[in-house]
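Thank you for making time for this; I would like to walk through one model with you, going from single residues out to the whole chain. Please keep the picture open while I talk.

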Amino acid sequence: LYDLEQMAERSQPLANLKARINQYQQLLALQGSEEAKTLCRSLLYSATVGALESFLWETVYFWVDNDIKSLHDIIVRIQGLRDKQIKLGDIVKENKSPKDHVKAYLQGIVWHQTKRVKPLFEQGLGITLPDITFFEKALQKRHHIVHRSGHDMDKKPINVQGSELDALFSQVTEFAAAIDKELESRSIRSN
């Protein structure tokens, strides 16, 4: 699922996301104690947020790798790339293309920081992201699960209900499908 060389199809990031969510749903059927089931739901909640981050990254990566207009627009419109100064000698020494520099930039992005991600889609790919409010709330809960070992700031345990996890699965899938649909009408201009 993570081999970017296999990212030959425009809709592959959405297919990868759906496959990940399907795997997570299968894990919910595993048997164990109530404590283990509670932990599993929390871990799957966190993994689902991560799956959306992967979808966002894979989507932008695909367009940078396959569409010259997207590569151009990201380079000239995204401040972190547009304003980056590179010495000519370093370009020759590193033997990296502009595309390689953009891919390296994408690798360094924290994909849940929407203030950095939105411009890539809106200015770079020319689409408007759907409402991302649900993601901000999910991120906060995931932060507690991951960085506070499943407890909030008051040390109360975070208990992810099955219905809450199902809702997140749906929200993430619908959000990604809306992005994929927006990109569907774009033609790919080979590099």
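His101 is a residue of helix H6, which covers residues 98-107, and since this is a predicted model, please take everything I say about this histidine, and about the rest, as computed from that prediction. Is His101 buried or exposed? Its relative accessible area is 13%, and because the cut-off for a buried residue is under 20%, His101 counts as buried. If we set aside the neighbours within four places in sequence, His101 is in contact with Leu81, Lys84, Ile86, Glu94 and Lys96.

Let me move from there to Ile78, which sits in the loop between helix H3, residues 68-77, and helix H4, residues 79-82. Although Ile78 is placed in a loop, its relative accessibility is 5%, and so it counts as buried. Which residues does Ile78 touch, once those up to four places away in sequence are left out? They are Asp73, Tyr105, Pro119, Leu120 and Gln123. For Pro119 there is also a distance to give, since its C-alpha atom lies 6.9 Å from that of Ile78, while the two residues are 41 residues apart in sequence.

Helix H3 itself has buried residues, namely Ser70, Leu71, Asp73 and Ile74. Asp73, as you will recall, is also one of the residues that Ile78 touches. The cover over the buried residues of H3 includes H2, H4, H6 and helix H7, the last of these being residues 114-124.

That brings us to helix H2 and to the way it packs with helix H1. H1 takes in residues 12-27 and H2 residues 34-66, and the two pack at an angle of about 175° with their axes 9 Å apart. An angle over 145 degrees counts as roughly antiparallel, which is why H1 is described as roughly antiparallel to H2. On the H1 side the contact is made by Pro13, Leu14, Asn16, Leu17, Arg20, Ile21, Tyr24 and Leu27, and on the H2 side the residues include Cys40, Leu44, Ala47, Phe55 and Glu58. Sorted by character, the residues of this contact are 12 nonpolar, four polar and two charged.

Staying on H2 for a moment, Thr38 also belongs to this helix, and with a relative accessibility of 24% it counts as partly exposed. The C-alpha atom of Thr38 is separated by 8.0 Å from that of Gln161, a residue 123 residues away along the chain.

Next come the aromatic rings, for which the count is four aromatic pairs. Phe62 and Trp63 form one such pair, with ring centres 5.5 Å apart and planes at 90°, and the pair is therefore classed as edge-to-face. Both Phe62 and Trp63 are buried. Trp63 has a charged partner as well, in that the charged end of Arg186 sits over its ring, 4.9 Å from the centre. A further charge is found at Tyr45, where Lys141 lies over the face of the ring at 5.8 Å from the ring centre. Finally for this part, Phe134, Phe135 and Phe175 form one aromatic cluster.

Now to the loop between helix H8, residues 133-147, and helix H9, residues 162-184, which is where Ser149 lies. Ser149 has a positive phi of about 50°, although it is not a glycine, and at 60% relative accessibility it counts as exposed. Lys155 lies in the loop between H8 and H9 too, and its phi, near 70°, is likewise positive in a residue other than glycine. How accessible is Lys155, and what does it count as? Its relative accessibility is 71%, so Lys155 counts as exposed.

To close, a view of the chain as a whole. The protein chain has nine helices and zero strands, and its C-alpha atoms fill a box of roughly 60 × 35 × 30 Å along the principal axes. Of its 191 residues, 40% are buried. Among the contacts with a separation of 6 or more, 73% come from residues 24 or more positions apart.

Methods. Residues are numbered from 1 along each chain as its sequence is written. This is a predicted model: local features need pLDDT of at least 70, side-chain atom pairs count only at pLDDT 80 or more; totals for chains, interfaces and linings use all residues. Side-chain values use heavy atoms; hydrogens and water are left out. Axes are lines fitted to C-alpha atoms, for helices over the stretch in contact, and angles run from 0 to 180 degrees between N-to-C directions. Helices (H or I, at least four residues) and strands (E, at least two) are DSSP runs, numbered from the N terminus. Angles under 35 degrees count as roughly parallel, over 145 as roughly antiparallel, 65 to 115 as roughly perpendicular and the rest as oblique. Contact means heavy atoms within 4.5 Å. Ala, Val, Leu, Ile, Met, Phe, Trp, Tyr, Cys and Pro count as nonpolar, Asp, Glu, Lys and Arg as charged, and the others, Gly among them, as polar. Buried means under 20% relative accessible area, exposed over 50%, partly exposed in between (1.4 Å probe, protein chains only). Rings of Phe, Tyr and Trp (its six-membered ring) pair if their centres lie within 6.5 Å; planes under 30 degrees apart count as stacked, over 60 as edge-to-face and the rest as tilted. A charge sits over a ring if NZ of Lys or CZ of Arg is within 6 Å of the ring centre and within 35 degrees of the ring normal.
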